[in-house]
Amino acid sequence: MTALLEVDRVSAGYGDVPALIDVSLTLEHGATVAVIGANGAGKSTLLRALTGLLTPTSGTIRLRGTDITHVPTHRRVAAGIAMAPEGRRLFANLTVEDNLRVAARAGRPGPWTLPTVFALFPLVEQRRDRRALHLSGGEQQAVAISRALLANPSVLLLDEVSLGLAPVVVHQLYQALPQVLAAGTAVLLVEQDVRQALDVADHVHCLLEGRTALTGRPADLTREAIAGAYFGL
């Protein structure tokens, strides 16, 4: 069976500065892959390459076996890739519901609709008439994930879900992950919280200075090995 998403020896950077060097990973149908690493490890560059915001200098990205390395962002969304970005990036002066309706209009047919994302995140429904700028960080993150799901992606990219949020809020957000997977969406998440990443991922990929430092199933990786790869020890 063809993998859902394949990153094959991808390198990317900014001008003459390489930020991602020869990185390969695979995301299977119904799986969760966590990409971990310190600031500057290349995690955000990888997501920019996957969404089409940055063109790799070498290597190939495939979605269901089709080369999408040079496909523009809007066509990747239509093909089934959506992201909840770091910083949420909601329309601050629009209500929660209007933010979601904008996404739903551009989305593909599928299981995720306003009623189903409201069922996934009841708090989002409770805040549906509130402007986005008046939401807490956790509420904004739930809206950002809901907005991405309304594209009905086959691949959901989650960028730093836990950043700046209280642990109890992070726990609530990650509790929704099994339902997302059950609806047929595979997840690639970038996460600095290593413990959280290990708890939810089927496979972990650690980057260090743009290169793959460690990869494997969480159950097969020791804490010492992960720490060594993360910090370059």
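Let's start at T45, which sits in helix 1 of what is a predicted model. With a relative accessibility of 6%, T45 falls under the 20% cut-off, so it counts as buried. What does T45 touch? Leaving aside residues up to four places away in sequence, its contacts are A12, Y14, A19, L20 and L54.

Now zoom out to the helix itself. The sheet to look at here is an open one, built from 4 strands in the order 2-1-4-5, with antiparallel pairing. Its edges are strand 2 (17–27) and strand 5 (66–67); each has a single partner strand, so one side of each has no neighbour in the sheet. Helix 1, covering residues 43–51, packs on this sheet and touches strand 1 (5–14), strand 2 and strand 4, with its direction at about 115 degrees to that of strand 1. Over at strand 5, the antiparallel pairing with strand 4 (residues 58–63) runs over 2 bridges. In one of the strand contacts there, L63 has T66 of strand 5 as its bridge partner.

There's a second sheet to visit. This open sheet has 6 strands in the order 6-7-8-3-9-10, and its pairing is mixed. Strand 6 (81–84) and strand 10 (211–216) take the edge positions; each pairs with a single strand, so one side of each is left without a neighbour in the sheet. From one strand to the next, the twist averages 20 degrees. For a parallel piece of it, look at strand 7 (residues 155–159) and strand 8 (residues 186–190), which pair over 5 bridges. Within that pair, L156 is opposite V187 of strand 8.

Helices lie against this sheet as well. Helix 6 (residues 137–149) crosses strand 6 and strand 7, at about 170 degrees to strand 6. Helix 10 (residues 223–231) packs on the sheet too, touching strand 3 (32–36), strand 9 (203–208) and strand 10, and its direction makes about 35 degrees with that of strand 9.

Finally, the nonpolar cores. In soluble globular proteins, nonpolar side chains tend to be buried together. Here the largest nonpolar core holds 45 residues, and L100, F121, V124, L149 and L158 have the most contacts inside it. Helix 6 supplies the largest share of this core, with 6 residues. Which residues does L100 touch? Not counting residues up to four places away in sequence, they are L114, V117, F118, V124, V143, S146, R147 and L150. Apart from this core lies another, of 29 residues, including L4, L20, L47 and L157. L20 may ring a bell: it is also one of the residues that T45 touches.

Key:
Residues are numbered from 1 along each chain as its sequence is written. This is a predicted model: local features need pLDDT of at least 70, side-chain atom pairs count only at pLDDT 80 or more; totals for chains, interfaces and linings use all residues. Side-chain values use heavy atoms; hydrogens and water are left out. Two strands pair if DSSP finds at least two bridges between them. Contact means heavy atoms within 4.5 Å. Axes are lines fitted to C-alpha atoms, for helices over the stretch in contact, and angles run from 0 to 180 degrees between N-to-C directions. Buried means under 20% relative accessible area, exposed over 50%, partly exposed in between (1.4 Å probe, protein chains only). A nonpolar core is a set of buried Ala, Val, Leu, Ile, Met, Phe, Trp, Tyr and Cys residues joined through side-chain atoms within 4.5 Å.
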